[in-house]
Amino acid sequence: MEQLLNLIDGELRPAMGGGWLDVHAPATGAVYAQLADSDARDVDMAVEAAHRAFPAWNALGREGRSAALLRLAHLIEADLDGFAQDESRDNGKPLALARRVDIPRAVANFRFFATAILHFPSEAHLMDDIAVNYTDRQPFGVAGCISPWNLPLYLFTWKIAPALAAGNCVVAKPSEVTPLTAYRMSTLCKVAGIPPGVLNIVHGLGPKVGAAITAHPRIPAISFTGGTRTGAEIARVAAPLFKKLSLELGGKNPVLVFADCDFDDMLNTTVRSSFTNQGQICLCGSRILVERSLYARFRDAFVDRVRALRVGDPGAEATDLGAVVSKDHMEKVLAYIELAQGEGGRVLCGGQRVQLDGALANGWYIAPTVIENLGPQCRTNQEEIFGPVVTLQPFDTEEEALSLANATPYGLASVVWTSDVKRTHRVARALQAGIVWVNCWMLRDLRTPFGGVKQSGVGREGGVDALRFFTEAKNVCIKL
Ligand code: NDP
């Protein structure tokens with residue numbers, strides 16, 4: 001069985017403790033690889049290697065680092081199909097989605113930050129003829145990057161690319177549930193000319209490896225994407241150590257559908273924004289709010305479209321939804337569907353596990369599920385489910401739509417469907433969210449600030465925000 005090793009100091013190695021974790025294929029439920037079950041000792045070794053590598057990596061300058069990251073991007077792109085197969089096998093997502101979105105985006109992350117660093121400016125502030133100030137932004141040494149399972153390589157590279165481009169070395173932990181593409185990438189680092197110790201990937205469990213990275217005194221900054229509860233634990237540990245923190249956390253995103261929208265465009269996109277990646281994207285809209293005059297028409301058309309989605313073999317071209325990521329996660333999502341019914345929710349379609357045949361009989365599949373008749377304060381409409389489950393709620397006025405949209409502890413993304421330009425601006429301003437998409441969804445420009453408000457996170461990633469996070473600003477004031 002394949003063994004997935006750590007990358008520490010340029011070498012692929014097993015965990016120091018010698019332990020292994022099982023890695024499952026969600027499509028079949030079977031174990032297909034063993035993962036290094038690392039602990040604080042492996043993290044220590046990685047941190048030491050990163051500190052040793054830092055001076056030379058930083059001294060390579062922007063152009064040298066940029067060239068190495070572009071080579072890595074090129075190598076991933078040249079093996080796009082191999083990466084996509086691995087991502088689909090490890091996560092359960094449709095292969096076509098991994099080919100179209102996950103892996104190209106990982107390549108784009110490296111390309112974007114490898115070139116963004118070449119244009120990253122320093123500000124100057126002139127005090128007439130008294131003095132001149134300039135801002136010197138320097139890397140701080142070693143960054144800790146911890147990422148989740150839903151978009152494994154996409155989110156992993158979204159963190160490590162800006163950290164490395166800015167001149168830091170990295171100790172990173174992918175999710176233990178989906179380590180395969182990070183491992184595949186680690187086998188390319190040497191060929192790409194990334195010097196030993198610059199990028200270290202330590203695999204294993206969150207409470208062991210993630211916690212050791214968070215608490216390590218020689219890692220001054222942590223970039224984390226994952227659940228809100230884990231984010232709170234990381235903040236609790238990191239705050240007294242005065243670490244820089246970037247936290248990208250959960251969401252319960254609203255989709256506001258006004259009666260004046262382009263119905264067909266809205267319907268097509270809302271099917272996607274609800275169920276892409278089995279609903280396991282932090283940006284998926286899970287609460288669909290529909291103006292009452294359109295409600296019945298929308299509900300009937302939407303349910304028809306959702307019933308027609310094909311749940312099946314992630315490797316098959318025709319599949320719309322593959323497997324959810326793990327047995328635990330499947331059980332969690334099914335328990336939420338049961339809870340919704342207990343709360344008075346009416347299941348319009350889906351609502352159960354999908355049993356496939358043959359080799360896929362033990363895979364973890366859930367039918368895309370639409371629920372109505374629930375109030376805004378019930379748990380189903382308050383808590384993140386992170387699966388193929390959406391609720392529908394009608395509203396009468398713009399004011400009511402906003403009040404429903406803002407009625408959760410989360411504030412990551414939101415989607416607005418309307419043809420009224422004035423309404424667009426009013427609603428966008430009033431939504432409590434870090435991201436507002438109007439008449440579109442998941443349209444991403446990597447230069448824009450990305451992140452959430454309230455319990456969806458702290459800080460922003462993307463563009464200059466990421467490069468600022470991964471550097472320390474120093475003001476130099478020179479008297480003239
Ligand atoms: P988790 O919070 O469970 O895990 C995220 C990462 O943190 C994993 O690598 C995990 O390791 C690790 N971890 C777990 N415990 C600790 C700890 N005590 N200290 C340090 N690290 C730890 O999230 P999931 O992997 O379940 O991902 C789903 C969540 O991610 C959802 O809530 C989703 O909304 C959110 N998300 C947010 C995004 C955003 O941009 N805001 C984007 C994508 C997802 P292990 O795998 O071993 O548990």
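Strands are DSSP runs of E of at least two residues, numbered from the N terminus. In the predicted model described here, one such strand is β5, which spans residues 30-36 and contains Gln-34. The side chain of Gln-34 makes a polar contact with the side chain of Asp-22, at 2.8 Å. Asp-22 also appears in the wider surroundings of Gln-34: with neighbours within four places in sequence left aside, Gln-34 is in contact with Met-1, Glu-2, Gln-3, Leu-4, Trp-20, Leu-21, Asp-22 and Val-23.

The chain is assigned two domains. Domain 1 is made up of residues 2-249 together with 456-479, and domain 2 covers residues 253-445. Between the C-alpha centres of domain 1 and domain 2 the distance is 30 Å. To the contact between them, domain 1 contributes 27 residues and domain 2 contributes 30 residues. About 2,100 Å² of area is buried between domain 1 and domain 2, and carbon and sulfur atoms account for 59% of this area.

Polar and charged pairs also join the two domains. Nine residue pairs, with both members at pLDDT 80 or more, are in polar contact between domain 1 and domain 2. On the side of domain 1 that touches domain 2, at least two residues come from each of β4 (20-25), α3 (80-91), α4 (95-116) and α5 (152-165). The greatest contribution to this side is that of α4, which gives five residues. By residue class, the side of domain 1 that touches domain 2 comprises 13 nonpolar, 10 polar and four charged residues. The salt bridge count between domain 1 and domain 2 is one. The side chains of Arg-99 and Glu-317 form a salt bridge, with an N to O distance of 3.7 Å.

In total, the model contains 26 salt bridges. Among them is the pair Glu-123 and Arg-137, whose closest N and O atoms lie 3.0 Å apart. This pair connects distant parts of the chain, 14 residues apart: Glu-123 is placed in the loop between α4 and β6 (124-127), whereas Arg-137 belongs to strand β7 (residues 131-138).

The ligand is surrounded by 32 residues, of which Gly-206, Thr-230, Leu-249, Cys-282 and Glu-384 are the closest. Both backbone and side-chain atoms of the protein take part in the short distances to the ligand. A ligand oxygen atom lies 2.6 Å from an N or O atom in the side chain of Thr-230. At Ser-147, a polar backbone atom is 2.8 Å from an oxygen atom of the ligand. At Leu-249, a polar backbone atom is 2.7 Å from a nitrogen atom of the ligand.

Key
Residues are numbered from 1 along each chain as its sequence is written. This is a predicted model: local features need pLDDT of at least 70, side-chain atom pairs count only at pLDDT 80 or more; totals for chains, interfaces and linings use all residues. Side-chain values use heavy atoms; hydrogens and water are left out. Domain bounds come from an automatic or database domain assignment. Contact means heavy atoms within 4.5 Å. Buried area is the accessible area (1.4 Å probe) that two parts lose on being put together, summed over both. A salt bridge is a side-chain nitrogen of Lys or Arg within 4 Å of a carboxyl oxygen of Asp or Glu. A polar contact is a pair of N or O atoms within 3.5 Å; within protein, one must be able to donate a hydrogen and the other to accept it, and residues adjacent in sequence count only if both atoms are side-chain atoms. Helices (H or I, at least four residues) and strands (E, at least two) are DSSP runs, numbered from the N terminus. Ala, Val, Leu, Ile, Met, Phe, Trp, Tyr, Cys and Pro count as nonpolar, Asp, Glu, Lys and Arg as charged, and the others, Gly among them, as polar. A residue is near a molecule or strand if one of its heavy atoms lies within 4 Å of it.
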